[in-house]
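Trainee: I have a structure to go through before the group meeting. Can we take it question by question?

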Amino acid sequence: RKLQWALVRESKKEKIPGLDPDVRVFSVFPETVTLEGASAFEFTFMANCPVPGTLQEILECLEFTGTERKGKPIIRSEVKGHFVSPLLQLSDNSLRWRFLWHRDVPILPMTTDVTMTNISPLPVRFYLNFASPSPFNVNKVEHYLLPDEKVVVTVSFDPGYRVDRVCDVVRRKLTITYEDHPQKDLVDLIGEVVFPNLSFDTKILDFGSILNHTKKEMTLTMKNVSSLPVNYHWVFLPPEESNALHDTKKAAKLPEGVQINQVFDILPINGRLEPNEQQVVTITYFGLENFVAEAVTSCVVEGGPEYEVLLKGEAARLEYNLDKYELNFGDILYDLIGEKEVYITNPGRVSAYFNFNLGQLQRPLTTDAHPLAGIIQPGEKQKVIVRFRAGIPDRVEETILVECAHFQPSKLRVTGRGIFPG
């Protein structure tokens, strides 16, 4: 004998709103079985409904003998179920913590108690979970409550998760899952940590190349971006303790007897900033002779992070070359303007300022230059056009003083003889 269970019809009296008609709520296991003579078999009835409500259906057991295609009903079972969702009533659906750093307050976990009450008519077993990693925790993960029973759950937040002591707001969900049920409930968790924090408009100060035994100043601006006062001081870090990116191969060791604070000077060296207050910090670089300097200074904030700033500078001698020191225009019509080129180059590592000084001209209208002044970057060459007009039918000789940085002026001699046409 072959036995098979089948759904006869759905109850017309009771329907569940929102239930998909194709969803099979009641089932029998096994659905089909072959029963030998003088034997018995036990069937298991199961119910599984994705939405709450009451549903009634009829299941029939059909018997097939021989080659019959149409089974004969031998058992007619009416099945009915009242499906309920697990319902927890929470004293809070959102938890928030705010930790404010204080010198005398240790950084310890902060706790909040949440009362959870089973308001469903059935016992409920549920589990509490977090997305990992998380600074949140609970005192117990698994719970079992009878109807109307309640439990107090302690949820904790550890503000020490920000080991770098940077202000932050972390948001997570406490997920409540139920045994043998797909429903999930969520509790919002918000944890805020407030430490003394600063922001900087730059973390690298490159002084470039300057003349030996001179100095250069640069500034950076820092701002208190936290709601707490900031007490800070500056220190220089040994190279092996620095996290800043810097070219240790290029930077030379300090000369014997020279300290890093004799190369870089920071003002103010310490201070206090109220919330939203700004401070302009002046850093001075002193150029040791032919020396490449590199250092990392750290702004140490009490109760907060340490901010590293990379300082770089190079000192070198200034060099320049003039490709010619005399311009001879020869015979030229006295009212005609002649032009010749002169090049000034900078083979050194320091930018050079140049100036063609025409103040020594005996007859100012005879000679001019363009450009008269400018800056030549290291390794560059500047072309200067010198214009000459004799103005008279006679020999004319003038001198231009070429000035460059601190060097003594070089003399550029300009000569020519004015002639009449023909």
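Trainee: Which order do the strands of the open sheet of 4 strands have?

Mentor: Keep in mind that this is a predicted model. The pairing in this open sheet is antiparallel. Its 4 strands come in the order E16-E18-E22-E20.

Trainee: Which strands stand at the edges of that sheet, each with a single partner strand?

Mentor: Look for a strand with one side left without a neighbour in the sheet. Each edge strand has a single partner, so one of its sides stays unpaired. The edges are E16 and strand E20 (264-267).

Trainee: By how many degrees are neighbouring strands of this sheet turned against each other on average?

Mentor: Direction is ignored for this value. The average turn is 30 degrees.

Trainee: Which residue in E22 stands opposite Ile-266?

Mentor: E20 and strand E22 (residues 278-286) run antiparallel and are joined by 4 bridges. Opposite Ile-266 stands Ile-283.

Trainee: Now strand E5 (residues 53-64). How many of its residues are buried?

Mentor: Side chains in a regular strand alternate between the two faces of the sheet. In E5, Gly-53, Leu-55, Glu-57, Leu-59, Cys-61 and Glu-63 point one way, while Thr-54, Gln-56, Ile-58, Glu-60, Leu-62 and Phe-64 point the other way. Both sets are buried. The count for E5 is 12 of 12.

Trainee: Which residue in E6 stands opposite Leu-62?

Mentor: E5 runs antiparallel to strand E6 (residues 72-83), and 11 bridges join them. Opposite Leu-62 stands Pro-73.

Trainee: Which charged end sits over the ring of Phe-64?

Mentor: Phe-64 is one of the buried residues of E5. The charged end lies 5.9 Å from the centre of the Phe-64 ring. It belongs to Lys-2.

Trainee: Which residue lies over the face of Phe-329?

Mentor: The distance to the ring centre is 5.5 Å. The residue is Lys-340.

Trainee: On to aromatic pairs. Why does the pair of Phe-126 and Tyr-178 count as tilted?

Mentor: There are 18 aromatic pairs in the count. The ring centres of Phe-126 and Tyr-178 are 6.4 Å apart. Stacked needs planes under 30 degrees apart and edge-to-face needs over 60. The planes of Phe-126 and Tyr-178 stand at 55 degrees, so the pair is tilted.

Trainee: How many residues apart are Phe-126 and Tyr-178?

Mentor: Phe-126 is in strand E10 (residues 124-129) and Tyr-178 is in strand E14 (residues 168-178). Phe-126 is buried at 0% relative accessible area, and Tyr-178 is buried at 6%. This pair links distant parts of the chain, 52 residues apart.

Trainee: How many residues apart are Phe-200 and Tyr-307?

Mentor: These two form a tilted pair, 5.2 Å centre to centre and 45 degrees between the planes. Phe-200 is buried at 14%, and Tyr-307 is buried at 10%. Phe-200 is in strand E16 (residues 198-200) and Tyr-307 in strand E24 (residues 306-316), 107 residues apart.

Trainee: Which residues of the largest nonpolar core touch the most other members?

Mentor: The core has 28 residues. Strands that each supply at least two of them include strand E9 (110-118), E10 and E14. Phe-126 has contacts beyond its sequence neighbours, among them Leu-88, Met-116 and Ile-176. The residues touching the most other members are Leu-88, Met-116, Phe-126, Leu-128, Val-155, Ile-176 and Leu-189.

Conventions. Residues are numbered from 1 along each chain as its sequence is written. This is a predicted model: local features need pLDDT of at least 70, side-chain atom pairs count only at pLDDT 80 or more; totals for chains, interfaces and linings use all residues. Side-chain values use heavy atoms; hydrogens and water are left out. Rings of Phe, Tyr and Trp (its six-membered ring) pair if their centres lie within 6.5 Å; planes under 30 degrees apart count as stacked, over 60 as edge-to-face and the rest as tilted. Helices (H or I, at least four residues) and strands (E, at least two) are DSSP runs, numbered from the N terminus. Buried means under 20% relative accessible area, exposed over 50%, partly exposed in between (1.4 Å probe, protein chains only). A charge sits over a ring if NZ of Lys or CZ of Arg is within 6 Å of the ring centre and within 35 degrees of the ring normal. A nonpolar core is a set of buried Ala, Val, Leu, Ile, Met, Phe, Trp, Tyr and Cys residues joined through side-chain atoms within 4.5 Å. Contact means heavy atoms within 4.5 Å. Two strands pair if DSSP finds at least two bridges between them. Axes are lines fitted to C-alpha atoms, for helices over the stretch in contact, and angles run from 0 to 180 degrees between N-to-C directions. Lists of a residue's contacts leave out its neighbours within four places in sequence.
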